[in-house]
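Grab a coffee and work through these exercises with the model open beside you. Each one sets a task and then walks through a solution.

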Amino acid sequence: MNYERFKRAVMEQILDHLPDGREGWTVKMEQVRKVNRLLDGMVLIPPKEWEARHGVGITFYMEDYYTLFRKGMPLEQILEQIGQMTLNCAPPDTLKEAFFHPERMKHQIVMELIHRERNQTLLEDLPHRDFLDLAVIYRILMKDEERGYFCTTISYNMMKLLEMTEEALYQAACLYMPSELPFGVRNFDGKFIILSNSSQMFGASALLFPDVLDMACEALGGDVYILPASGDKICLEIANPQRLEELQKMVWDFYHMGNDPEDMLSDQIYFYRMHSGQVQITEQAARVAEGEGGVS
């Protein structure tokens, strides 16, 4: 069964696999723009009375389920899995309530780094700022004690609801992230460091916190090259020009030949000079270094 037939089969049969209490739901397919890719989202839409109690429709991405199908999961099992997931997808009441209190949401803002060029269409609807070849976007992060984190992306419309500017979003995230998602390093024999945060979410935003980068430099003992492993973590190692060509090939191969495009951040390597407060793309850093007598 090819992908188009698979999508059609799921749409035609899914309503027969919803649990009790899901009568009156409808289904539609729409394209959903996510980080680095455009996905086919099957949206299960509840009747108005259910929506008033529990929230809006639930979206399931067909590409993910087709991968499971290609790996051998029967269509019937996929339909049952989607149906059962409708029992747990609605956010808890405590989180839904927060959306009616903009002042609370102002203090739960985090940042995410995404590749600017690959997400130009997505960025048209989102307040953001440029950073090297990346862009900074913003999300509201809320935590439920039983089910973990929920987040929603801040659009221009939501920014207006919050009565905030892009600069205010940035400053709010700079205050909130270190306390809610503290950054930390995993040091591998003093040779390289994995830098992320306690929840492995949006960890690449450490690039925006010079004090965190300085902590990593001190752990390694000098200036560093930064490999953007994903939006959730970055890898750092001591800056050695003899390693640069090998590292650049490794990053380029991962970015352009990787299996999960949503995880990819950039095909560039960055350079950070300890205590400089400024991250650079290595090509730019090399030109500066040549004028100063080399990378230290």
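A nonpolar core, as used here, is a set of buried Ala, Val, Leu, Ile, Met, Phe, Trp, Tyr and Cys residues joined through side-chain atoms within 4.5 Å. Keep in mind that the model is predicted.

**Exercise 1. Get your bearings, then find the cores.**
Work out how many helices and strands the protein has, and which residues have the most contacts inside the largest nonpolar core.

*Solution.*
- Step 1: Start with the inventory, which comes to 12 helices and 13 strands.
- Step 2: Check burial next: 46% of the 296 residues count as buried.
- Step 3: Look at how far apart in sequence the contacts reach. Taking contacts between residues at least 6 apart, 56% join residues at least 24 apart.
- Step 4: Now the core itself. The largest one holds 48 residues, and Ile 226 and Leu 236 have the most contacts inside it.
- Step 5: Zoom in on Leu 236. Skipping residues up to four places away in sequence, its contacts include Phe 192, Ile 193, Leu 195, Leu 220 and Ile 226.
- Step 6: Don't stop there, as a second, separate core has 19 residues, among them Tyr 3, Ile 14, Tyr 65 and Tyr 66.

**Exercise 2. Take the six-stranded sheet apart.**
In what order do the six strands of the open sheet run, and which strands stand at the edges?

*Solution.*
- Step 1: Trace the sheet across and you get 8-9-11-10-12-13, with antiparallel pairing.
- Step 2: Strand 8 (183-188) and strand 13 (279-281) are the edges; each has a single partner strand, so one side of each has no neighbour in the sheet.
- Step 3: From one strand to the next, the twist averages 30 degrees.
- Step 4: Follow strand 8 into strand 9. The two make a hairpin with three residues between them, and Asp 189 in the turn has a positive phi of about 55 degrees.
- Step 5: Count the bridges: six join strand 8 to strand 9 in an antiparallel run, and Gly 184 sits opposite Ser 196 of strand 9.
- Step 6: Cross to the next pairing. Strand 9 (residues 192-197) and strand 11 (residues 234-238) share four bridges, again antiparallel, with Phe 192 partnered by Glu 237 in strand 11.
- Step 7: Ask how covered strand 9 is: five of its six residues are buried, so to speak of it as mostly covered is fair.
- Step 8: Finally, add the helix. Helix 11 (residues 241-257) lies across strand 10 (224-227) and strand 11, at about 5 degrees to strand 10.

**Exercise 3. Do the same for the three-stranded sheet.**
Which strands of this open sheet have a single partner strand, and how many bridges join strand 1 to strand 2?

*Solution.*
- Step 1: The order is 1-2-3 and the pairing is antiparallel.
- Step 2: Strand 1 (26-34) and strand 3 (58-61) each have a single partner strand, so each is left with one side lacking a neighbour in the sheet.
- Step 3: On average, neighbouring strands here are turned by 35 degrees against each other, direction ignored.
- Step 4: Nine bridges tie strand 1 to strand 2 (residues 37-45), and the two run antiparallel.
- Step 5: For one example, pick Arg 33, whose bridge partner in strand 2 is Leu 38.

**Exercise 4. Classify the ring pairs around Phe 6.**
Stacked, tilted or edge-to-face: what is the pair of Phe 6 and Tyr 66?

*Solution.*
- Step 1: The whole structure has seven aromatic pairs.
- Step 2: Phe 6 and Tyr 66 are 5.2 Å centre to centre, with 55 degrees between the planes.
- Step 3: Planes under 30 degrees apart count as stacked and over 60 as edge-to-face, so the Phe 6 and Tyr 66 pair is tilted.
- Step 4: Place the partners: Phe 6 is in helix 1 (residues 3-13) and Tyr 66 in helix 3 (residues 62-70), 60 residues apart.
- Step 5: Check burial. Phe 6 is buried at a relative accessible area of 0%, and Tyr 66 counts as buried at 12%.
- Step 6: Repeat with Phe 69. Its ring centre is 5.2 Å from that of Phe 6 and the planes are at 35 degrees, so this pair is tilted too.
- Step 7: Put it together: ring pairs link Tyr 3, Phe 6, Tyr 66 and Phe 69 into a cluster.

**Exercise 5. Place Asn 119.**
Is Asn 119 buried or exposed, and what is it in contact with?

*Solution.*
- Step 1: Asn 119 lies in the loop between strand 4 (109-115) and helix 7 (120-123).
- Step 2: Its relative accessibility is 2%, so Asn 119 counts as buried.
- Step 3: Leaving out neighbours within four places in sequence, Asn 119 contacts Lys 34, Val 35, Asn 36 and Ile 114.

Key: Residues are numbered from 1 along each chain as its sequence is written. This is a predicted model: local features need pLDDT of at least 70, side-chain atom pairs count only at pLDDT 80 or more; totals for chains, interfaces and linings use all residues. Side-chain values use heavy atoms; hydrogens and water are left out. Two strands pair if DSSP finds at least two bridges between them. Axes are lines fitted to C-alpha atoms, for helices over the stretch in contact, and angles run from 0 to 180 degrees between N-to-C directions. Rings of Phe, Tyr and Trp (its six-membered ring) pair if their centres lie within 6.5 Å; planes under 30 degrees apart count as stacked, over 60 as edge-to-face and the rest as tilted. Buried means under 20% relative accessible area, exposed over 50%, partly exposed in between (1.4 Å probe, protein chains only). Contact means heavy atoms within 4.5 Å.
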